[in-house]
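Trainee: I have a new model open at the bench and would like to talk it through. Could we take it one question at a time?

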Amino acid sequence: MKDNNDPVEPGKAADKAADKAAGGAKGPDELRRQIQETRGQLGDTVEELAAKADVKARARARGADLKDKASEAGHAVQDKAAQAGHVVQDKATEAGHVVQGKAVEAGHVVQDKATRAGHAVQDNVPRPVRTAVTNAVQAGKRHPRPVLIAGAGVVVAAGLLRRRHNGHRHNGHHWYTHR
């Protein structure tokens with residue numbers, strides 16, 4: 001047997017009350033009680049119908065749900081973007097390390113070749129010239145000013161010789177024809 005206080009679907013409360021009234025009441029007190037019960041059921045039904053008819057409240061509730069879902073989706077997108085940023089940063093760091101390693105390796109190769117070339121030149125230069133150069137370098141380290149002055153003199157002399165060479169006849173042409 002169903003309790004009379006159970007919620008009743010809208011529209012069915014009136015049918016239920018009509019069925020009870022048709023069955024007849026056993027006295028005026030029972031009729032009053034049935035009327036009171038029917039009024040309560042109709043009040044509940046009216047409230048349910050009013051809630052379903054309240055479009056603004058339903059729209060607000062739906063809007064709040066959609067806002068929550070959009071916020072969750074935004075956080076998910078933000079998290080994925082942050083993860084992608086970290087991946088890119090890691091890849092860039094890794095690529096930087098590879099480039100740095102290659103640069104160090106290339107530097108070592110160049111240094112080795114320069115050392116070999118220096119040794120080859122040193123091995124092929126006559127001993128008196130090597131001794132003279134070594135002595136000049138050591139003297140330059142002890143007394144740099146005279147070496148700088150001498151070096152400047154050599155540069156000036158080389159410039160004058162070049163100028164003089166370019167100003168004279170060369171292969172039957174004058175200097176002004178060599179432009």
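Trainee: Are Arg32 and Asp29 buried or exposed?

Mentor: Good place to begin, and keep in mind that this is a predicted model. Arg32 and Asp29 form a salt bridge, with their closest N and O atoms 3.1 Å apart. Both residues lie in helix 2, three residues apart, about one turn of the helix. As for their surroundings, Arg32 and Asp29 are both exposed.

Trainee: How many salt bridges does a search of the whole structure find?

Mentor: You have already met Arg32 with Asp29. Arg33 and Glu37 also meet through their side chains in a salt bridge, at 3.1 Å from N to O. For the whole structure, the search finds two.

Trainee: How many residues apart are Arg33 and Glu37 in helix 2?

Mentor: An α-helix has 3.6 residues a turn, so residues three or four places apart point the same way. Arg33 and Glu37 both lie in helix 2, and their spacing is about one turn, that is, four residues.

Trainee: Why does Glu37 count as buried?

Mentor: Let's compare each partner with the cut-offs. Arg33 has a relative accessibility of 45%, so Arg33 counts as partly exposed. Buried means under 20% relative accessible area. Glu37 counts as buried because its relative accessibility is 16%.

Trainee: Which other residues of helix 2 are buried along with Glu37?

Mentor: Buried residues are worth listing here, as 5% of the 179 residues of the protein chain count as buried. In helix 2, the buried residues besides Glu37 are Gln34, Thr38, Gln41 and Thr45.

Trainee: How far apart are the end C-alpha atoms of helix 2?

Mentor: Start from the expected span: helix 2 has 26 residues, and at 1.5 Å a residue they should span 38 Å. The model agrees with this, as the end C-alpha atoms are 36 Å apart.

Trainee: Which helix has the lowest mean pLDDT?

Mentor: The protein chain averages a pLDDT of 78, and 80% of the residues score at least 70. Over residues 1-5 the pLDDT is below 50. Where pLDDT is low, the predicted coordinates should not be read in detail. Among the elements, helix 2 (residues 28-53) has the highest mean, 89, while the lowest, 57, belongs to helix 1.

Trainee: What is the secondary structure of the protein chain as a whole?

Mentor: Read along the sequence, the pattern is α-α-α-α-α. Of the contacts with a separation of 6 or more, 37% are between residues 24 or more positions apart. Counted up, the secondary structure is five helices and zero strands.

Trainee: Which residues form a nonpolar patch on the surface?

Mentor: The protein chain exposes about 15,400 Å², and carbon and sulfur atoms supply 60% of it. One member of the patch lies in helix 4 (residues 127-142) and is partly exposed, with a relative accessible area of 45%. That member is Val137. Together the patch has about 240 Å² of accessible area, and its residues are Val129, Val133 and Val137.

How values were computed
Residues numbered from 1 in each chain as written. Heavy atoms only, no water. pLDDT = per-residue confidence, 0-100. Helix = DSSP H or I, 4+ residues; strand = E, 2+ residues; numbered from the N terminus. Contact = heavy atoms within 4.5 Å. Buried < 20%, exposed > 50% of the residue type's maximum accessible area, 1.4 Å probe, protein only. Areas by Shrake-Rupley, 256 points an atom, 1.4 Å probe, with all protein chains shown as cover. Patch = residues over 30% accessible without salt bridge, like charges linked within 9 Å, V, L, I, M, F, W, Y side chains within 5 Å. Salt bridge = Lys/Arg side-chain N within 4 Å of Asp/Glu carboxyl O. Expected span 1.5 Å × (residues − 1).
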